[in-house]
Amino acid sequence: MSTTVVNAEAEGKTWAGGNQPLKASYGKMMMWFFIVSDALTFSGFLAAYGFSRFKFIKEWPIADEVFTHVPFLHGQELPMIYVAFMTFILIMSSVTMVLAVDAGHHMNKAKVTFYMFLTIIGGLIFVGSQAWEWGTFIKGDFGAVQTKGGNILQFVDTEGHRVALRDFVVADEHADRTQHGRDNGLWFVSEGSLPPYTMEEVIHGLEANENVLVRTQFINEEGHKTILSREESLRQIKENGKVAVEGANLHVNEYGSPLFADFFFFITGFHGFHVFSGVVINIIIFFNVVLGTYERRKSYEMVEKVGLYWHFVDLVWVFVFTFFYLV
């Protein structure tokens with residue numbers, strides 16, 4: 001039978017053997033291990049996005065045309081303004097977290113409480129903003145027509161400005177359009193929500209408005225979406241038009257390739273889950289600070305550990321922002 005001997009110098013240290021790699025506690029090391037593994041996960045997601053993006057580079061949606069909305073400024077196209085605001089808020093929350101950690105090193109409970117509170121507010125603003133952006137992305141703005149081949153046909157005026165389906169298509173109020181469900185059809189088959197307009201209504205509206213043209217999802221040599229002539233616009237809608245779509249989901253995407261929406265929902269949603277989790281953890285740590293838990297321990301290391309996680313999600317957003325919105 002062997003006997004484990006622990007000398008007096010090793011007792012009381014987090015690592016039972018008395019050694020602290022890189023002079024970091026066990027908790028910090030485990031947080032770093034988690035960050036490294038999570039970084040590899042995000043790297044795989046962004047690499048997959050990059051490969052798909054460059055495979056379909058000539059038909060990928062242009063971010064400046066997709067993310068143009070700002071709350072309370074409906075109808076105005078302000079590309080990237082709100083996304084830049086979200087990024088600024090998240091980066092500033094990382095600054096307040098640094099200040100909270102520094103205050104913890106000086107055992108200043110009041111400042112740790114104040115800066116942790118600001119960090120939580122910044123995280124909540126970011127999560128709320130991302131939820132609003134998702135809602136806007138899902139709802140859509142202009143609408144489009146999906147072709148039989150799965151491509152997207154958008155509508156513009158003679159000057160190249162986007163035109164919404166509702167601006168030239170009128171729904172027939174007397175048309176009999178019943179959604180197929182399990183209660184009125186095959187029990188094992190159900191149909192998604194009905195399209196906003198039928199193809200007959202879109203064709204009729206296009207024929208009645210000579211100033212409306214079709215724009216394909218393919219990018220020309222000038223870096224813009226290809227606009228068809230009036231005759232070709234009518235021919236494409238009549239021969240290849242399949243269904244009218246509005247907004248984006250996991251099946252259709254009015255902005256272009258459905259892959260763009262798939263990656264957008266998955267990667268930004270995965271990051272948003274990380275931010276939301278960070279906010280919850282920050283709230284728990286915040287109340288522990290208020291109750292004086294770490295003051296009694298004479299160490300604010302928990303604030304530093306959660307700060308590592310918060311800086312990580314901020315850094316990941318910089319890459320997500322670059323991949324989705326800037327490149």
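Helices here are DSSP runs of H or I with at least four residues, strands are runs of E with at least two, and both are numbered from the N terminus. With that in hand, take a look at helix α4: right after it comes Gly140, which has a positive phi, near 80°.

A word on the ground rules. This is a predicted model, so local features need pLDDT of at least 70 and side-chain atom pairs count only at pLDDT 80 or more, while totals for chains, interfaces and linings use all residues. Residues are numbered from 1 along each chain as its sequence is written, and side-chain values use heavy atoms, with hydrogens and water left out.

**The whole chain**

The chain has 10 helices and five strands. Of its 327 residues, 44% are buried (buried means under 20% relative accessible area, exposed means over 50%, and partly exposed is in between, using a 1.4 Å probe and protein chains only). The accessible surface adds up to about 18200 Å², and carbon and sulfur atoms account for 62% of that (areas come from the Shrake-Rupley method with a 1.4 Å probe; for residues, only the protein chains shown count as cover). As for contacts (heavy atoms within 4.5 Å), take those between residues at least 6 apart in sequence: 68% of them join residues at least 24 apart.

**Back to α4**

How far apart are the end C-alpha atoms of helix α4? They are 45 Å apart, and this agrees with the 45 Å expected for the 31 residues of α4 (residues 109–139) at 1.5 Å a residue. The expected span is 1.5 Å times one less than the number of residues.

**Phe45 and a faraway stretch**

Phe45 sits in helix α1 (residues 26–55). Phe45 counts as partly exposed because its relative accessibility is 22%. Ile267 is 222 residues away from Phe45 in sequence, yet their C-alpha atoms are 7.0 Å apart. Setting aside neighbours within four places in sequence, Phe45 is in contact with Phe263, Phe266, Ile267 and Phe270.

**A buried lysine**

Lys225 belongs to strand β4 (residues 225–227). Which side chain of opposite charge is nearest to Lys225? That's Glu65, 5.8 Å away, and buried Lys225 has no salt bridge. (Lys and Arg count as positive, Asp and Glu as negative; His and the chain ends are not counted. A salt bridge is a side-chain nitrogen of Lys or Arg within 4 Å of a carboxyl oxygen of Asp or Glu.) A polar atom of the Lys225 side chain does lie 2.9 Å from the backbone oxygen of Gln217. Not counting residues up to four places away in sequence, Lys225 touches a list of residues including Glu59, Trp60, Glu65, Gln217 and Phe218.

**Salt bridges**

The structure holds six salt bridges. Here are some of them:

| Pair | N to O distance |
|---|---|
| Glu207 and Lys238 | 2.9 Å |
| Arg235 and Glu232 | 2.5 Å |
| Arg235 and Glu239 | 2.8 Å |

The Glu207 and Lys238 pair links distant parts of the chain, 31 residues apart: Glu207 is in helix α6 (residues 199–208) and Lys238 in helix α7 (residues 230–240). Glu207 is partly exposed at 39% relative accessibility, and Lys238 is partly exposed at 47%.

Glu232, Arg235 and Glu239 are linked in a network of salt bridges. Arg235 and Glu232 are about one helical turn apart, because three residues separate them in α7. Arg235 and Glu239 are four residues apart in α7, so they too are separated by about one helical turn. Arg235 is partly exposed, with a relative accessible area of 34%.

Notes
Polar contact = N/O pair within 3.5 Å; in protein donor to acceptor, adjacent residues only side chain to side chain.
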